[in-house]
Amino acid sequence: MEDIEDMFKDETMESRPVTKKAIRKQPKPKKTEGEDAAITDPMAAAEDLPPGAHNIFVKTYGCSHNISDGEYMAGLLSEYGFKMVDSMEESHACLLNSCTVKNPSQEKFINQVAKARGMGKPVIVSGCVPQGDRNLKGLEDVSILGVTQIDRVVEVVEEALKGHKVKLLAKKELPMLDLPKIRKNELVEIIPLSTGCLGSCTYCKTRHARGKLGSYDPVAIIERARQAVSEGVMEIWLTSEDTGAYGRDINTDIPTLLKNLIKVLPDHAMLRLGMTNPPFILEHLQAMADILNHPRVYSFLHIPVQSGSDKVLEKMNREHTIEEFYQVCDFLVKNVPNMTLATDIICGFPTEEEADHKQSCDIVKKYQFPVLNIS
């Protein structure tokens, strides 16, 4: 059979209906008499098992947005009847959810793909790596699931188990937020606010993979949070490629969302904000300080600077200056007691000189970041 490409935009592979609820425990596959031995035997031939009775190994790399995508895919697979397993060895198929932000994560992912293929397992890959480059060496003869196609994971896994290669990379509307989910941490709900961003940094592949900013409806976000806390979740983590840019494409903004979100959180639940670039938080500084001072919001914000040199920032095509970064950080430190700032710095960027690097070191000395990611 030929590869099933994402050209089938007429949706000839009908999506199976899913129950709109979160999953906290994996349901047991339905079995007919005499099937128990085959289903529990990890070495049983995949073709001898009934639909939905296979063992699936799911591995996710990268950011909290990717983790959330992986939790949704595991939830959909589990609801259908597949059993999630902890190792490739006991699986009938492997779903590997990738990250492209840093080379080490991408290399680990490619190595895992090679390992699974070497074991003769059907491999399904998802995430930013294949979305950004479907022809990447190492992704030959695997099925591919695009970043907006995660709600079709059951179809793709079923086809892969039949020996077919499925490639669904066409961009479509965002997956719904009320899909089934298996949380990596049952006390933490990760909610994506949007996908994509408004920047075009020269070093970043994520924009190429995730595309332009696409924000979720605030009603859907708030309802997802409400549902999660009703299931015992203690923390809500908001994730996005750029939290500060949320809503600019749908005529709203991040402070408005956060104020309404806080209203539905019970006293025992905490809210944690994700990464924001300096340009899109500048106009909301006072509102953000007020929100970060709320007793149910962690006084934490991840603001990547990338370099202490305006010259290097210009080469990176970043949309902020060092002075603007200082303005954001100084305001938050002054107005939010016990404020925790996290940042990212790229060392050795092309054209960076010793004086540029020293400016980056000066920023680190100034703020003594408790969380500092260095590339």
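**Packing around helix H9 and the enclosed cavity**

In the predicted model, helix H9 contributes Leu285, Gln286, Ala289 and Leu292 to a contact with helix H11, where the residues met are Gln327, Val328, Phe331, Leu332 and Asn335. Sorted by class, the residues of this contact comprise six nonpolar and three polar ones, with no charged residue among them. The two helices, H9 spanning residues 285–292 and H11 spanning residues 322–335, pack with their axes 10 Å apart and at an angle of about 40 degrees. H9 is therefore oblique to H11, given that an angle has to be under 35 degrees to count as roughly parallel. The handedness of the crossing formed by H9 and H11 is right-handed.

Helix H9 also packs with helix H8, which covers residues 254–263; the axes of H8 and H9 come within 10 Å and cross at roughly 20 degrees. Because of this angle, H8 is classed as roughly parallel to H9. In contrast to the right-handed crossing of H9 and H11, the crossing in which H8 passes H9 is left-handed. On the H8 side, the contact is made by Ile254, Pro255, Leu258, Lys259 and Ile262, and these meet Ala287, Met288 and Ile291 of H9. The contact of H8 with H9 holds seven nonpolar residues, no polar residue and one charged residue. Polar residues, absent from the contact of H8 with H9, number three in the contact of H9 with H11, whereas a charged residue is present in the former and none is found in the latter.

Enclosed space was examined next. Over the whole structure, the search returned one cavity of 30 Å³ or more, and the volume of the largest cavity is about 110 Å³. The lining of this largest cavity is made up of 16 residues, of which His65, Asp69, Val147, Pro175 and Tyr216 are the closest to the centre. Two elements, helix H2 (64–80) and strand E8 (194–195), each give two or more residues to the lining, and the largest contribution comes from H2, with three residues. In terms of residue class, the lining of the largest cavity consists of ten nonpolar, four polar and two charged residues. Both polar and charged residues thus occur in the cavity lining alongside the nonpolar ones, while the contact of H9 with H11 has no charged residue and that of H8 with H9 has no polar one.

Technical notes:
Residues are numbered from 1 along each chain as its sequence is written. This is a predicted model: local features need pLDDT of at least 70, side-chain atom pairs count only at pLDDT 80 or more; totals for chains, interfaces and linings use all residues. Side-chain values use heavy atoms; hydrogens and water are left out. Axes are lines fitted to C-alpha atoms, for helices over the stretch in contact, and angles run from 0 to 180 degrees between N-to-C directions. Helices (H or I, at least four residues) and strands (E, at least two) are DSSP runs, numbered from the N terminus. Angles under 35 degrees count as roughly parallel, over 145 as roughly antiparallel, 65 to 115 as roughly perpendicular and the rest as oblique. A crossing is left-handed if the near helix is turned anticlockwise from the far one by less than a right angle, and right-handed if clockwise. Contact means heavy atoms within 4.5 Å. Ala, Val, Leu, Ile, Met, Phe, Trp, Tyr, Cys and Pro count as nonpolar, Asp, Glu, Lys and Arg as charged, and the others, Gly among them, as polar. On a 1 Å grid over the protein atoms alone, a cavity is a set of points where a 1.4 Å probe fits but cannot get out, and a pocket is an open set with protein on both sides within 12 Å along at least five of seven lines; lining residues have an atom within 4 Å of a point. Grid points are joined across faces, edges and corners, and a volume is the space filled by probe spheres set on the points.
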